[in-house]
Amino acid sequence: MDYDRLGRIEVREGAQRQIKSYVLRSNILSDKDRAVFDMYGDAYMAFYEDGRVLDFRSLFGNDNPTVVEIGFGMGDSTLKIASERRDVNFLCLEVYLPGVTRLLRMVGEAGLQNVKIMRFNAVDVLENAVAEGSVHGFHIFFPDPWPKKKHHKRRLIQGDFVHLMALRLEKGGYIYAVTDWQEYADQMLSVMDAESLLENPYGGFAKEISWRPTTKFERKGLDKDYSISEVWFVRK
């Protein structure tokens, strides 16, 4: 396992950079975590390389459609969805090292063949390593809402990023985002409505999607009477 490549997390905020992605930089691995990477890393980890566009057919060894999940947290939803939808490939992006380690262990123990994990800044991956028209869908479940107004610029779902995702989608591909922060949900809906490459088959917030599991995090929000808003847009 190449641990130098595992730790390659960067934030590129040069003068020309329009989209910012905020990441965690902790690279500390316990002996137990290192054993997980030694056991499963070669089979399930994918790595960002400057100048290399990912070939999903080569990466997964099949021609199945590929969904990109951005920010999978601790990986519970990812594991369940990937286990039940084995005819779909999942490229899972996360910078939080404990979450990466946990999902790696779970998919390794389950022997899943349709998951690859990449620990790298999602904006750079989409801009430089994913071809236009190659993605079947995007999953963004409970992204950080950055509730303070002065921090709204840090939210992932902004116009430039939505446009970037839309360009990477195949025709008929989808963006599926979920949040329990109503003001952020309204922003998501507004920003995606404004993207000319996308259309909303629901005309507003989406109905609950049956195959998305309810997570512990989500249940905590429901216990506090938070409303769950789902947004689903399709590439024209």
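Start by selecting helix α2 (residues 31-44) together with helix α5: the two pack at an angle of about 65°, and their axes lie 9 Å apart. Their crossing is left-handed. Keep in mind as you look around that this is a predicted model.

Now show the side chains where these helices meet. From α2 come Asp 33, Val 36, Phe 37, Tyr 40, Gly 41 and Tyr 44. Facing them in α5 are Leu 97, Val 100, Thr 101, Leu 104, Arg 105, Val 107, Gly 108 and Glu 109.

**Along α5**

Keep α5 selected and hide its partner. The helix covers residues 97-110, and its 14 residues should span 20 Å at 1.5 Å a residue; the end C-alpha atoms are 20 Å apart, which agrees. Which residues of α5 are buried? Colour Leu 97, Gly 99, Val 100, Thr 101, Leu 103, Leu 104, Met 106, Val 107 and Gly 108 to see them. As you look at the pattern, remember that an α-helix has 3.6 residues a turn, so residues three or four places apart point the same way. Then step just past the end of α5 to Gly 111, which takes a positive phi of about 70°.

**A buried polar pair**

Next, select Asn 121, in the loop between β4 (115-118) and α6 (122-128). Is Asn 121 buried or exposed? With a relative accessible area of 0%, Asn 121 is buried. Its side chain has a polar atom 3.2 Å from the backbone nitrogen of Val 123.

Add Asp 124, which sits in helix α6. The side chains of Asp 124 and Asn 121 make a polar contact at 3.0 Å. Asp 124 is buried too, at a relative accessible area of 2%.

**Across to Leu 156**

From Val 123, jump to Leu 156: the two are 33 residues apart in sequence, while their C-alpha atoms are 9.3 Å apart in space. Leu 156 belongs to the loop between β5 (135-141) and α7 (159-168). Its relative accessible area is 18%, so Leu 156 counts as buried, the cut-off being under 20%. What does Leu 156 touch, leaving aside residues up to four places away in sequence? Select Ile 70, Ile 140, Phe 161 and Tyr 184 to find out.

Stay in the loop between β5 and α7 for another stop, Phe 142. Phe 142 has a positive phi of about 55° although it is not a glycine, and at 16% relative accessibility it counts as buried. Trp 146 is found in the loop between β5 and α7 as well. Here phi is near 40°, again a positive value in a residue other than glycine. At 22% relative accessibility, Trp 146 counts as partly exposed.

**On to α8**

Tyr 184, one of the residues that Leu 156 touches, is also among the buried residues of α8. Select that helix, residues 182-193: its twelve residues reach 16 Å from first C-alpha to last, close to the 16 Å expected. Alongside Tyr 184, the buried residues are Ala 185, Gln 187, Met 188, Leu 189, Val 191 and Met 192. Show their surroundings and you will find α7, β6 (169-179), β7 (198-199) and β8 (229-235), against which they pack.

**Zoom out**

Finally, show everything. The protein has nine helices and eight strands, and 50% of its 236 residues count as buried. Switch on the surface: about 11,700 Å² is exposed, with carbon and sulfur atoms supplying 48% of it.

Note on methods: Residues numbered from 1 in each chain as written. Predicted model: local features only at pLDDT ≥ 70, side-chain atom pairs only at ≥ 80, totals over all residues. Heavy atoms only, no water. Helix = DSSP H or I, 4+ residues; strand = E, 2+ residues; numbered from the N terminus. Expected span 1.5 Å × (residues − 1). Buried < 20%, exposed > 50% of the residue type's maximum accessible area, 1.4 Å probe, protein only. Areas by Shrake-Rupley, 256 points an atom, 1.4 Å probe, with all protein chains shown as cover. Polar contact = N/O pair within 3.5 Å; in protein donor to acceptor, adjacent residues only side chain to side chain. Axes fitted to C-alpha atoms, helices over the stretch in contact; angles between N-to-C directions. Left-handed = near helix turned anticlockwise from the far one by under 90°. Contact = heavy atoms within 4.5 Å.
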